[in-house]
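Dear colleague,

I am handing over the structure below, and I would be glad if you could keep it open while you read the notes that follow it.

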Amino acid sequence: MPFLHALVGTARSARHAPRLAAGLTPDDDVLLDAPDGRLSPALVAAALGDPEPAAKLLATTRDAAEWEDRDRYVGRLATFAYHRGEWLDRWREAAPRDPDALLVAAQLAVRRAWESPARAERLRELDPLLRPLTEEAGRDPVPWRLALDHARGAHAGHAVFEGLWEQALLRSPHHYGCHVAALKYLSAQWYGSQRAAFDFAEQAADDAAPGSLVRALPVRAAHEALRPPPGPGRDRPADSGKAGSGKAGTADGPAADGARIDRAADRGLALSAAFAPGDPWPAEVRNLLAYVLVERERWEEALAEFGRTGPHATSFPWAVGGHDPLRRFLAARDRTRAELARRTPLWGRARAIPGRSGPRGH
């Protein structure tokens, strides 16, 4: 079972930590969305039908105002409940007004609505569920991040979205999840443009504190710019122009701005360098950065980034488009190595072989 493999692998990956600086983690030791040491016990207990560790974990993040961890854990617990929800049902039966149980349930409901062919209608039906969460959230920005995601899929106009965004900022001015939600709304895939997305991401990164994941927001904008343009069957709804001014967003031209994408990658590299190799905290940002570097054919930097990522592969961005994320991560890593090998002169390869100083004459 992938979930149990990931839990076992959390401890296993620690044994390979010294190898990260020397090279890439072996394929068999790369784990997809491996939970951290705080989340793992909650997931193990949930698998056994016990919601108490999850309840204690989320209550701790709420009391300590650990908003970034809280956001991640809510998302991961909702994903687990999507496949095995008995523990969440038990939690809600035992504590029907628990704000953490309600938040996980709301995250799960939004995910299911997003997957419906009648997405916008299904999402609008969730308004009575989401409104009390935001009204009673206090300092917590996570319900507002969920409200922003909900508003995008429900075709909310710009005024509605901006109102939600202002409330999110009042709770946490530099919350990564809320910034990602706003960036998606502003992207060419949805209701904005490539230029609007980059402008927003760069300004947010400039304003963020050193070490904040918001500093990697331009890399998210770069990823959006590298995606196929919106059209039938894409994420963007066919009637997206109904939101706001009535004009659909554009990609600002037939091709993405390569120079701006490279500048975003440079920002991401600077942020990644501030964390230790194999650190799970920036894993998603590092996966995203590696993706962008591969697309830009910056092979040496991409290989170094895969090394810093270590055993921590993440579903985003590799699962976009319905792909097997772990297989796609490993394929991108293999391609990077192959491209670098292809560009290494034969003389240089020969010198790398022990006991050889170069080609010999005959």
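A charge is taken to sit over a ring if NZ of Lys or CZ of Arg is within 6 Å of the ring centre and within 35 degrees of the ring normal. Please bear in mind that this is a predicted model.

With that definition in hand, you will find that Arg-72 lies over the face of Trp-281, at 3.9 Å from the ring centre. A further case involves Arg-152, whose charged end sits over the ring of Trp-190, 5.0 Å from the centre of that ring. Trp-190 also belongs to a cluster that ring pairs build from Trp-114, Phe-161, Tyr-185, Trp-190 and Tyr-191.

As for rings paired with rings, the structure holds 11 aromatic pairs. One of them joins Phe-306 and Trp-318, whose ring centres are 6.3 Å apart and whose planes meet at 25 degrees, so this pair counts as stacked, given that planes under 30 degrees apart are classed that way. The pair links distant parts of the chain, since Phe-306 is in helix α16 (residues 299–309) and Trp-318 is in helix α17 (residues 315–318), 12 residues apart. Phe-306 is buried, with a relative accessible area of 0%, and Trp-318 is buried as well, at 2%.

Trp-318 has another partner in Phe-329, and here the ring centres are 5.8 Å apart with the planes at 85 degrees, so the pair is edge-to-face. This pair, too, links distant parts of the chain, with Trp-318 in helix α17 and Phe-329 in helix α18 (residues 325–343), 11 residues apart. Like Trp-318, Phe-329 is buried.

With best regards

Note on methods:
Residues are numbered from 1 along each chain as its sequence is written. This is a predicted model: local features need pLDDT of at least 70, side-chain atom pairs count only at pLDDT 80 or more; totals for chains, interfaces and linings use all residues. Side-chain values use heavy atoms; hydrogens and water are left out. Rings of Phe, Tyr and Trp (its six-membered ring) pair if their centres lie within 6.5 Å; planes under 30 degrees apart count as stacked, over 60 as edge-to-face and the rest as tilted. Helices (H or I, at least four residues) and strands (E, at least two) are DSSP runs, numbered from the N terminus. Buried means under 20% relative accessible area, exposed over 50%, partly exposed in between (1.4 Å probe, protein chains only).
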